[in-house]
Amino acid sequence: MTRAGVAWFAMAGALVVAVAVVGLPVWLIQPFSAQSGSGVAWSWQLRQIAPSLTVIAWLVVVGGAALLAGQPSRTRARRVARVVVLTAAVAVVSGVAWFARQNHFEWMFRPFSDPRFVAAGAATDLPAEEPVIGVARHGAALAFPITRIGYHHLVNATLGDVPIVATY
Amino acid sequence: MWERALDGRTLSFRLIGINNQNFLMEDLETGSWWQQVNGEAVSGPMKGRRLTHVLHDEVTFALWRGEYPETQVLGLDDRGSRISSTWETGTAKAPVVTPSVQGDPLEPRALVIGVTVGDAARAYPKDVVSKTRAILDDLGGRAIAVLDAGDGHSIRVFSRTLDGQSVDLLHKVDSRPARYIDERSGSEFDFSGRAVSGPLEGRQLTRVPHISDYWFDWRTYHPATTVYAPAGTVSRSAPGAGSR
């Protein structure tokens, strides 16, 4: 195999691995489908290695593209086609490396990272008949209206001096 | 609702995924994934560990602030993120992906009050609880009462033994706020489990933790659960119990 052939082969392999390591967890733990214990375990494993693996894939693809872009071409059309393919490969591997650092579940439900609490008397925007998750201990009490925590799904909070995570 | 202090450090959680329609959360400190419904780590360095459960309520805001006037209330975030107050109607139509079971005693999305005492688990269909207002039962060797405040949301479970005697609560017809009368002593109890009149006045029943859940979810995480039947004497097992 020529040097260019090896470069094409390595780029294709790196792309497939990068897409798989990022795409499989998304597919395995998508909402409204059934999950298995091993599917969740695999998703966890893949998400652990995805950030570093996609950087390696990015280096392979970008290095390969740099090498191949300088190769002579027989026709102008072939050179244009090659540049288009190489650009697309770099774009895909960059996108995948970026996605490996994202938490798309927090795109769907934005986290409430600095939860604010108000006194009961000041919660005038909360109808009396609305359900809340209530928790009380040692003179401290917190209420999490279901319409609010039902959106975020979880809120890290502190009840008195006990750190808790409220979930819904 | 879980404590997030474990082994001397405080964990911070974020939403990370979903496992059969029950969400997974990740702690930023160890990267482990935890199942929301039972607080158990399913993947990562903490796998197999469990968070400590925090006894909590699901009641109306009116009832909660009446009992805890000093309560703090979670505000809205900067974008005003919330779900519709009619979310239950929408969620009821969402598909269920856990395997269906032939002869299942309840619809997958039937709302249940799930209670565990020791190894015993039982689901109390919410419509039965709301109709009866006070269910007396024995679960895992403990006498319990499932009380409904009658506002469409508020339900609590209590251990109903005081001084070795069982407290047999009946809903007091037309009482508002809800009152429950102990048949044995004639004492009257409020929804917080405190006797407000009669020979037992001032005594407090102990809470038993429960969760409000969909039947399909409760059944998935408590495969050996039974289902409370209104007759009170017959509790049906979930078909396929223990096979998962």
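This report describes a predicted model with chains A and B, covering domains, a helix, a sheet and the contact between the chains.

## Domains of the two chains

Chain A is divided into two domains: domain 1 takes in residues 3-104, and domain 2 takes in residues 120-167. The centres of these two domains of chain A, taken over C-alpha atoms, are separated by 43 Å.

Chain B is likewise divided into domain 1, residues 9-43, and domain 2, residues 111-232. For chain B, the distance between the centres of domain 1 and domain 2, again taken over C-alpha atoms, is 30 Å.

## Helix 1 of chain A

Helix 1 of chain A runs over residues 3-28, which makes 26 residues. At 1.5 Å a residue a span of 38 Å is expected, and the end C-alpha atoms lie 37 Å apart, so the two values agree. The helix nevertheless has a bend of about 25 degrees at Val22(A). A proline, Pro25(A), follows within four residues of that position.

Several residues of helix 1 of chain A are buried: Ala7(A), Met11(A), Ala14(A), Leu15(A), Ala18(A), Val21(A), Val22(A) and Pro25(A). Both Val22(A), where the helix bends, and Pro25(A) thus appear among the buried residues. The cover over the buried residues of this helix includes two other helices of chain A, namely helix 2 (37-69) and helix 3 (76-99).

## A four-stranded sheet in chain B

In chain B, four strands form an open sheet with antiparallel pairing, and their order is 17-18-19-20. Strand 17 (169-171) and strand 20 (195-197) of chain B are the edge strands, each of which pairs on one side only. From one strand to the next, the twist averages 40 degrees.

At one edge of this sheet, strand 20 of chain B pairs with strand 19 (residues 188-190) of chain B in the antiparallel sense, over two bridges. Across this pair, Phe189(B) stands opposite Ala195(B), a residue of strand 20 of chain B.

## Contact between the chains

The contact between the chains takes 55 residues from chain A and 52 residues from chain B. On the side of chain B that touches chain A, the elements giving two or more residues are strand 1 (2-3), strand 4 (13-19), strand 5 (22-27), strand 7 (40-43), strand 8 (57-60), helix 1 (61-67) and strand 9 (72-74) of chain B. Strand 4 of chain B gives the most to this side, with seven residues.

Conventions
Residues numbered from 1 in each chain as written. Chains lettered and ligands numbered in written order. Predicted model: local features only at pLDDT ≥ 70, side-chain atom pairs only at ≥ 80, totals over all residues. Domains from an automatic or database assignment. Expected span 1.5 Å × (residues − 1). Bend = angle between axes of the 7 residues up to and from the residue. Buried ≥ 20, exposed ≤ 12 C-beta atoms within 10 Å, placed from the backbone. Contact = placed C-beta atoms within 7 Å. Pairing = 2+ DSSP bridges. Axes fitted to C-alpha atoms, helices over the stretch in contact; angles between N-to-C directions.
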